[in-house]
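User: I am new to this structure and would like a close look at a single part of its surface, the place where like charges gather. Please set that part in the context of the rest of the protein.

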Amino acid sequence: MEANRRQPNGIQLLLAAEQEAQRIVSAAREAKMARLRQAKEEAEKEIAAFRAQMEAEFQRKVAESSGDSGANVKRLEQETEAKIEHPKTEGTRISQDVVQMLLKQVTTVKN
């Protein structure tokens, strides 16, 4: 009979140990989930800060390049005008020579 009394007591002890183990595992899971949530929030804050920094740098570069935009446009217009004027002045300069060559070729009779 003594053995029968010990056995239910042993079963009760095992059940209590199992319940305690479940509580420990559950607490560990909850702690892990809380840490994961915290890590996610920290990562989101870091991402937001990095994104803001990159956006500010991008805006600064856009402002720098657009500030030069007026100067670039003016420079390109000057270069274009110079390229347009060059053929005009060359044409004017050699037009007399071309006219003389054409007249010579037209008026010269070859046998």
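Analyst: On the surface, a patch of negative charge is formed by Glu 41, Glu 42, Glu 44 and Glu 46. A patch takes residues with over 30% relative accessible area and no salt bridge, joining like charges within 9 Å and nonpolar side chains (Val, Leu, Ile, Met, Phe, Trp, Tyr) within 5 Å. Lys and Arg count as positive and Asp and Glu as negative, while His and the chain ends are not counted, and the place of a charge is NZ of Lys, CZ of Arg, CG of Asp or CD of Glu.

The model is predicted, with local features needing pLDDT of at least 70 and side-chain atom pairs pLDDT 80 or more, whereas totals for chains, interfaces and linings use all residues. Residues are numbered from 1 along each chain as its sequence is written, and side-chain values use heavy atoms, leaving out hydrogens and water.

Within this patch, Glu 44 belongs to helix α1, residues 2-67, where a helix is a DSSP run of H or I with at least four residues, a strand is a run of E with at least two, and numbering starts from the N terminus. Glu 44 counts as partly exposed because its relative accessibility is 46%, given that buried means under 20% relative accessible area, exposed over 50%, and partly exposed in between (1.4 Å probe, protein chains only).

A UniProt record, an unreviewed entry, places a "coiled-coil region" at residues 26-60; such annotations may be inferred rather than shown by experiment, their positions follow the numbering used here, and feature names are shortened. In the model, residues 26-60 are 100% helix and 0% strand, with their end C-alpha atoms 51 Å apart.

Helix α1 also holds Glu 20 and Arg 23, three residues apart, about one turn of the helix, and their side chains meet in a salt bridge at 2.9 Å, N to O. The term salt bridge requires a side-chain nitrogen of Lys or Arg within 4 Å of a carboxyl oxygen of Asp or Glu. Glu 20, with 38% relative accessibility, is therefore partly exposed.

Turning to the whole protein, its secondary structure comprises two helices and zero strands, and 0% of its 111 residues count as buried. A nonpolar patch on the surface brings together Ile 94, Val 98 and Leu 102, with about 240 Å² of accessible area together, areas being computed by the Shrake-Rupley method with a 1.4 Å probe and, for residues, only the protein chains shown as cover. Val 98 lies in helix α2, residues 69-107.
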